[in-house]
Amino acid sequence: MFITIFGWLIILLAVGVSVGVFLKNEDGTSYSISQKILTIVVSVLVIFFGLYLTGHSKRVNEAKQESISSSQKESISQSKEDSKFSSSEDKESSEDDENGKLFIRDFNVYLSNKKMGSSSIEDGVVKVILPNSVENMSVADFTVLAQEIYDHANTLASGEDYDAGIIYFYSQNGGELARSTFSGGIKIFKE
């Protein structure tokens, strides 16, 4: 604001000097042609400088506003993009967690009804804890049991829109008994 006022004062002063050079002095004399030309040239330069100053603050403000506006638009755009990505990621994660809870609830009901233990999800991995008595089963009988549990788990999981992935089988003692394979079979660890 100060620069704009200063610019206008310079312009008015330059115009006043330019007009004054053509007026007669108090003693009736006037300035020479070379003095008049030199004064006009200097006044024009000073007027341009004044015009620059009057528009300078406006240009600075416009540049600041444009920069702020551009920065805000970019920030808003980035924020929307981050929010959209985070929101979809959170939504997927939330839905997956909710579906996993429903799956485990239903799977535990099934295991309880069959008196075959319990299940849980730890770090995205489904773990089935079977009674210690399964350790005394033959490999063939245990394979049939594990396959039945695995097949039922996948049926429940697909109904709950949940990917059960690989399922691990443990005894209550904590011994690893078996796990499902990517092809849908059972890999037995017990002997």
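Student: How far does helix H3 reach from its first C-alpha to its last?
Tutor: The model is predicted: local features need pLDDT of at least 70 and side-chain atom pairs count only at pLDDT 80 or more, while totals for chains, interfaces and linings use all residues. Residues are numbered from 1 along each chain as its sequence is written, and side-chain values use heavy atoms, with hydrogens and water left out. Helix H3 (helices, H or I with at least four residues, are DSSP runs numbered from the N terminus) covers residues 139-159, which is 21 residues. The expected span is 1.5 Å times one less than the number of residues, and H3 is close to that value, reaching 30 Å.

Student: How wide an arc do the buried residues of H3 cover around the axis?
Tutor: Buried means under 20% relative accessible area, exposed over 50%, and partly exposed in between (1.4 Å probe, protein chains only). In H3, Phe142, Leu145, Ala146, Ile149, Tyr150, Ala153, Leu156 and Ala157 are buried. They lie on the same side of H3, because their arc (of the directions from the helix axis to the C-beta atoms) is only 130 degrees.

Student: Which residues of H3 are exposed on the other side?
Tutor: The buried residues of H3 include Phe142 and Leu145. On the other side, the exposed residues are Ala140, Val144, Thr155, Ser158 and Gly159.

Student: Which residues form the aromatic cluster?
Tutor: Rings of Phe, Tyr and Trp (its six-membered ring) pair if their centres lie within 6.5 Å, and planes under 30 degrees apart count as stacked, over 60 as edge-to-face and the rest as tilted; this rule gives two aromatic pairs. Phe103 and Phe107 are stacked at 5.4 Å centre to centre, with 15 degrees between the planes, and both lie in helix H2 (residues 33-113), four residues apart. Phe107 and Tyr110 are stacked as well, at 6.3 Å and 5 degrees. One cluster is formed by Phe103, Phe107 and Tyr110.

Student: Is Phe107 buried or exposed?
Tutor: The relative accessibility of Phe107 is 0%. Phe107 therefore counts as buried.

Student: Which helix gives the most to the nonpolar patch on the surface?
Tutor: A patch takes residues with over 30% relative accessible area and no salt bridge, joining like charges within 9 Å and nonpolar side chains (Val, Leu, Ile, Met, Phe, Trp, Tyr) within 5 Å; a salt bridge is a side-chain nitrogen of Lys or Arg within 4 Å of a carboxyl oxygen of Asp or Glu. Trp8, Val44, Phe48 and Leu51 form the patch, with about 410 Å² of accessible area together (Shrake-Rupley method, 1.4 Å probe; for residues, only the protein chains shown count as cover). Leu51, at 41% relative accessibility, counts as partly exposed. With three residues, the most comes from H2.

Conventions: Helix = DSSP H or I, 4+ residues; strand = E, 2+ residues; numbered from the N terminus.
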